[in-house]
Amino acid sequence: MTDKNHVKIFDTTLRDGEQAPGFSMSTDAKLIVARALAALNVDIIEAGFAAASPGDAASVKTIAAEIDGPIICSLARANAGDIEAAARALDPARKKRIHTFIGTSPLHRDAKLKMSKGQIIDRIGEIVAFARTFVDDVEFSPEDAIRTERDYLLEAVRAAIGAGATTINIPDTVGYTTPEEITDLFRFLTANSPGHVTFSTHCHDDLGMAVANSLAAVRGGARQIECAINGIGERAGNCSLEEAVMALSVRRDFFGVSTQIETTMLYPASVALARVTHNPIPRNKAIVGRNAFAHEAGIHQHGVLADRRTYEIMEAESVGVPSNALVLGKHSGKHAVAARIKALGFDVSQRKIEDLFPDFKHLADTCREVTDADLVRLVTGNAKTDGRIGPWRMRKTELRVDFEEDEKPFARITMEHDNGDRRTVTHEGEGPIDAAFAAVCAITGVPGAISILDLHHVASEGVVRAEAVIDVEGESFAGKAQEVDIADAAVAAFVAAVNQAAAMRASGVKRVKVGAGA
Ligand code: KIV
Ligand code: ZN
């Protein structure tokens, strides 16, 4: 017996998502994402479009063979060759689905397909019946359903159901609908169709309403949401999986339905996708962005420290984000500064907090975030008034980027210590920036290993912003820099992080416990 309040999550990250420019993935990359989707416990993984290319077919086949749990699905146009390719690729899957589609709107019929209404209805019946000869689970999508005449859309849906489709997906192919409109459409379609099929929604985000429209479709009777991690997909993207799932979970009182998603795996899945596609998660992205659980404003920080529910409707841990982060910056108040200092293992008096607070504000004015290491410097009394933390200054950076085949890239770096000691070191590396990092470590004596290097080109300002996180004997230090040149920015951020480690060593302070990351 199917639960009428269960909403299936059909993930199309690897098909519609992968179709978007900048998001194409190798089979290995797709497998990493597919494993993350299985850990999320999605109901269906649309693993690709087998007929699109031999590479796509191979990816679908690999995922079909390797992934256990979710139903594995391949997309197929409404022709026999596509259906056969999908069936072949899905062969190793324990649970499989073929998803076939054809355009039904006037624009698709006349401009693209050059087929009459009747010809399309006949094709739907034939192709769904043909797909059913390979699998029991067939999904049909009337492409551009939202711009299709209602009565004709119903005729297409009935033809598909009559031929054996088990899921009817109603795509808003061009992201055109509105919540009220799509609720009404689903009410109409479900009221006029047999009850044994699942109605599904597939919304694009061209007007920024994909999630709202998908949720509205659920209100109208949809029991499957097609969505993608981080909302990736054609043009502006698809409905974001993590947003739709958390909306249904947090507002269960309103929607009255549930999914089977393991929500603590949302953040790991989002990070896995960002890594393999080299597309960072936007900082302000709902649910999984770095700012989603970060609070900088003093009033908010005070409230969250008193009771996190004052400014949070869900817990960071519930979506797999390690902990809520109070980001210390110029808007932070004394409560947050004191709480972080305590979390860093310092037992300081209120008086000490009052004393260091003006220095904290000054430092916060010169950089975007005050890190844990910055705070330690303030507590131990060594912060520089120019905002620099630590004893080393860059004096010269020379990178050899043009080298012969038998030569290794190298960097020559000159740095100066506050005590007047000036040193120059030349070092080889895998690349010139790697060589520069090695030279900085040799000069400063800090054995820093880079763990994160984020480079962001701000075209409007003509600068590159860099953030480096280094690991020094098991402790993390972060550094930031802004330069015109990308290599200079990377090296300067690395130096900022190394400087913090050097300052910490010089102060003799040992952190007892590191609090939530800034
Ligand atoms: O957006 C769309 O119409 C699609 C279909 C293939 C379902 O992605
Ligand atoms: Zn789509």
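In the sequence, the donor residues of the zinc ion (ligand 2) follow the spacing D-x185-H-x1-H. The protein donors in this predicted model are Asp 16 through OD, His 202 through NE2 and His 204 through NE2, at 2.0 to 2.2 Å from the ion. Asp 16 belongs to helix 1, whereas His 204 is located in the loop between strand 7 (198-203) and helix 9 (210-219), so this pair ties together parts of the chain that are 188 residues apart in sequence. Both Asp 16 and His 204 are buried.

The donor residues of the zinc ion, Asp 16, His 202 and His 204, also take part in the surroundings of ligand 1. The shell around ligand 1 further includes Arg 15, His 99, Phe 101, Ser 141, Glu 143, Asn 169, Pro 171 and Thr 173. By class, the shell is made up of 2 nonpolar, 6 polar and 3 charged residues. At least two residues of the shell come from each of helix 1 (13-17), strand 4 (96-103), strand 5 (138-143) and strand 6 (167-172).

Side-chain N or O atoms of three residues were examined in relation to oxygen atoms of ligand 1. For Thr 173, the separation between such a side-chain atom and an oxygen atom of the ligand is 2.6 Å. For Asp 16, the corresponding separation is 3.0 Å, and for His 204 it is 3.0 Å. Ligand 1 taken alone exposes 260 Å², of which the protein buries 94%.

Strand 4, one of the elements contributing to the shell around ligand 1, is also among the elements that cover the buried residues of helix 4. Helix 4 spans residues 80-90, and its buried residues are Asp 82, Ile 83, Ala 85, Ala 86, Ala 87, Ala 89 and Leu 90. Their cover includes, besides strand 4, helix 3 (54-66), strand 3 (71-77) and helix 6 (117-132). The N-terminal end of helix 4 is capped by Asn 79, a side-chain oxygen of which lies 3.2 Å from the backbone nitrogen of Gly 81.

Strand 7, which precedes the loop that holds His 204, contains Thr 198. With a relative accessibility of 13%, Thr 198 counts as buried, because the cut-off for that class is under 20%. The side chain of Thr 198 forms a polar contact of 3.4 Å with the side chain of Lys 8. When residues up to four places away in sequence are left out, Thr 198 touches Lys 8, Thr 166, Thr 167, Ile 168, Arg 223 and Gln 224.

Two further helical residues were considered, Glu 180 and Ile 443. Glu 180 is part of helix 8 (residues 179-191). Its relative accessibility of 61% places Glu 180 in the exposed class, for which the cut-off is over 50%. Glu 180 and Ala 131 are 49 residues apart along the chain, and their C-alpha atoms are separated by 34 Å.

Ile 443 is found in helix 17 (residues 432-444). In contrast to the exposed Glu 180, Ile 443 is buried, with a relative accessible area of 0%. Apart from residues up to four places away in sequence, Ile 443 touches Trp 392, Ile 413, Met 415, Arg 423 and Val 425. Between Ile 443 and Leu 399, which are 44 residues apart in sequence, the C-alpha to C-alpha distance is 16 Å.

Note on methods. Residues are numbered from 1 along each chain as its sequence is written. Chains are lettered from A and ligands numbered from 1 in the order in which they are written. This is a predicted model: local features need pLDDT of at least 70, side-chain atom pairs count only at pLDDT 80 or more; totals for chains, interfaces and linings use all residues. Side-chain values use heavy atoms; hydrogens and water are left out. A residue is near a molecule or strand if one of its heavy atoms lies within 4 Å of it. A polar contact is a pair of N or O atoms within 3.5 Å; within protein, one must be able to donate a hydrogen and the other to accept it, and residues adjacent in sequence count only if both atoms are side-chain atoms. Accessible areas come from the Shrake-Rupley method with a 1.4 Å probe; for residues, only the protein chains shown count as cover. Helices (H or I, at least four residues) and strands (E, at least two) are DSSP runs, numbered from the N terminus. Ala, Val, Leu, Ile, Met, Phe, Trp, Tyr, Cys and Pro count as nonpolar, Asp, Glu, Lys and Arg as charged, and the others, Gly among them, as polar. Donors are N, O and S atoms within 2.8 Å of the metal (3.2 Å for Na, K and Ca); water is not among the atoms, so sites may look incomplete. Buried means under 20% relative accessible area, exposed over 50%, partly exposed in between (1.4 Å probe, protein chains only). Contact means heavy atoms within 4.5 Å.
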